[in-house]
Amino acid sequence: MGTERRSVGVVMNGVTGRMGYRQHLLRSILAIREEGGLPLADGTVLWPEPILVGRTAGKLQALAERHGLTEWTTDLAEALDRPGVEIYFDTQITGARTGAIRAAIAAGKHIYTEKPLADDLSGALELARLADEAGIKHGVVQDKLFLPGLRKLRRLVEGGFFGQILSVRGEFGYWVFEGDWQEAQRPSWNYRAEDGGGIIADMFCHWRYVLDEIVAPVRSVQCLGATHIPGRVDEDGKPYEATADDAAYGIFELDGGIVAQINSSWATRVFRDELVEFQVDGTEGSAVAGLRRCRVQHRSMTPKPVWNPDLPATEDFRGQWQEVPDNAEYGNGFKVQWEAFLRHVAEDAPFKWDFHAGARGVQLAELGLRAWREGRRLEVPELT
Ligand SMILES: NC(=O)c1ccc[n+]([C@@H]2O[C@H](COP(=O)([O-])OP(=O)(O)OC[C@H]3O[C@@H](n4cnc5c(N)ncnc54)[C@H](O)[C@@H]3O)[C@@H](O)[C@H]2O)c1
């Protein structure tokens, strides 16, 4: 006797892009199919059927053929209209997102989308309102919460490891090549404000849920942005002006007087163990969490360095930290969140990362940009 399989059509818009292809199609939807589908509580198996949508027929066709898929189109309306389609997923460039999501809401589809939900807060809140009114289910990618390093950090917080948390220091970034003598490893729209680019719009959405959910709710923001590299060369070898910020130096006050400081930069060279790292200091202990690793130093194991610049450092400071064990299997973070969203749609399982959560991310980005422009510290009001 075979298990009963239930198909669910998922329109995936923007799958020719970096995130869309690798993380969402390959590592999530196709990976779920390779595992035989997603088992539901009632014993049936959910089988996602992707319909690839994009702007260039040739690229879509080649991509579909490479993975044995047959369904693709350049016409979003036609895709949404196909029988069996229940979910719309958007991983287009940010500036193209709002119009497509509106169309999907009007078509009555459940919606999952990459962040940022919209270009600005009013746009994000409007999408949340329209989605609620339509009675559809909605979600926004918040992948960092599902990274092994940050899951271990959360476990430490929940287990009371830190005592009172005092501060958080985050370092994110790496050198993104300018595109002249070496190709850039990120798309050029990221460096153009008019196309929805900029590191504040991109990363503050992430910092919002990381801080809110793992440490404490964000109450205020100060931010200094910069465009360190004023001109770059695009995918076609054409020089262009970088109109968006490529670095952001942010300070956030969290509930309980916790101070978080996060540097985000595409113009820095990495002298760290991972591309993002957060150090959390508490009265009882400290931790440094990255994408995969998490290391701790307890109060009882804290050395007593004495400042003496006349002598070379003799202590191996990094060696004085302990690795936090995994104690669990962590799948790909994007896939884990996809599975949660699919269960939310198919069997009404809880899913808290909805358009309202997405709007909070956009809110912090918008306030960060304003704080920079106005040279002020801004409160982060609750969204109702
Ligand atoms: N969650 C994460 O960690 C994370 C990381 C990077 C990017 N993102 C988000 O994913 C989305 C896509 O980013 P990406 O890095 O994959 O970008 P990308 O440039 O690689 O892909 C963009 C996709 O959008 C499509 N598109 C639609 N209209 C377009 C237009 N006018 N110009 C150019 N492309 C257009 C492209 O065909 C392509 O499929 C963005 O919203 C970005 O914020 C999320």
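Colleague: Which residues does G198 touch, leaving aside those up to four places away in sequence?

Modeller: This is a predicted model, and in it G198 touches A193, A244 and D245, with residues up to four places away in sequence not counted.

Colleague: Where is the place of G198, in terms of the elements on either side?

Modeller: G198 sits in the loop between β8 (165-173) and α7.

Colleague: Is G198 buried or exposed?

Modeller: G198 is buried, because 25 other C-beta atoms lie within 10 Å, and the cut-off for calling a residue buried is 20 or more.

Colleague: And how far apart are G198 and W181 in space?

Modeller: From C-alpha to C-alpha, G198 and W181 are 22 Å apart, while in sequence they are 17 residues apart.

Colleague: On to α7 itself, then: how many of its residues are buried?

Modeller: Helix α7 is mostly covered, with 15 of its 17 residues buried. The helix runs over residues 199-215, and its first and last C-alpha atoms are 22 Å apart, which is close to the 24 Å expected at 1.5 Å a residue.

Colleague: What about α5, which residues are buried there?

Modeller: In α5 the buried residues are A124, L127, A128 and A131. Looking down the axis of α5, these buried residues fall within an arc of 100°, so they line one face of the helix. That arrangement can be read against a general property of helices: an α-helix has 3.6 residues a turn, so residues three or four places apart point the same way.

Colleague: Which residues are exposed on the other side of α5?

Modeller: S122 and E133 are exposed on the other side of α5.

Colleague: What covers the buried residues of α5?

Modeller: The cover over the buried residues of α5 includes two helices, α4 (97-106) and α9 (355-374), together with the strands β6 (110-113) and β7 (138-140).

Colleague: What span should α5 have for its length?

Modeller: Helix α5 covers residues 121-134, and at 1.5 Å a residue its 14 residues should span 20 Å; the end C-alpha atoms are 20 Å apart, which agrees. After α5 comes G135, which has a positive phi, near 75°.

Colleague: Changing topic, where does the ligand lie with respect to the domains?

Modeller: Domain 1 (5-142 + 333-353) and domain 2 (144-331 + 363-378) both give residues to the shell around the ligand, so the ligand lies between them. Of the 20 residues around the ligand, the ones that come nearest are G17, R18, M19, Q92 and P187.

Colleague: Which helix gives the largest share of that shell, and what is its make-up by class?

Modeller: Helix α1 (residues 18-34) supplies the largest share of the shell, with three residues. By class, six residues of the shell are nonpolar, eight are polar and six are charged.

Colleague: And what separates the centres of the two domains?

Modeller: Taken over C-alpha atoms, the centres of domain 1 and domain 2 are separated by 28 Å. The contact takes 14 residues from domain 1 and 15 residues from domain 2. On the side of domain 1 that touches domain 2, helix α8 (residues 333-347) gives the most, with four residues, and by class that side has four nonpolar, five polar and five charged residues.

Colleague: Now the backbone: which residues does a cis peptide bond join?

Modeller: A cis peptide bond joins K115 and P116, with omega at about -15°, and P116 is in the loop between β6 and α5.

Colleague: What is the phi of N327, and what of D348?

Modeller: N327 is not a glycine, yet its phi is positive, about 55°, and D348, also not a glycine, has a positive phi of about 60°. N327 belongs to the loop between β17 (322-323) and α8, whereas D348 belongs to the loop between α8 and α9. N327 is exposed, with 7 other C-beta atoms within 10 Å, and D348 is exposed, with 9 other C-beta atoms within 10 Å.

Colleague: Last one: is F162 buried or exposed?

Modeller: F162 is buried, with 22 other C-beta atoms within 10 Å, and its place is in the loop between α6 (148-158) and β8. Not counting residues up to four places away in sequence, F162 touches L156, V157, V280, G282, E284 and G285.

Terms used. Residues numbered from 1 in each chain as written. Predicted model: local features only at pLDDT ≥ 70, side-chain atom pairs only at ≥ 80, totals over all residues. Expected span 1.5 Å × (residues − 1). Buried ≥ 20, exposed ≤ 12 C-beta atoms within 10 Å, placed from the backbone. Arc of directions from axis to C-beta. Contact = placed C-beta atoms within 7 Å. Near = placed C-beta within 6 Å. Nonpolar A, V, L, I, M, F, W, Y, C, P; charged D, E, K, R; others polar. Domains from an automatic or database assignment.
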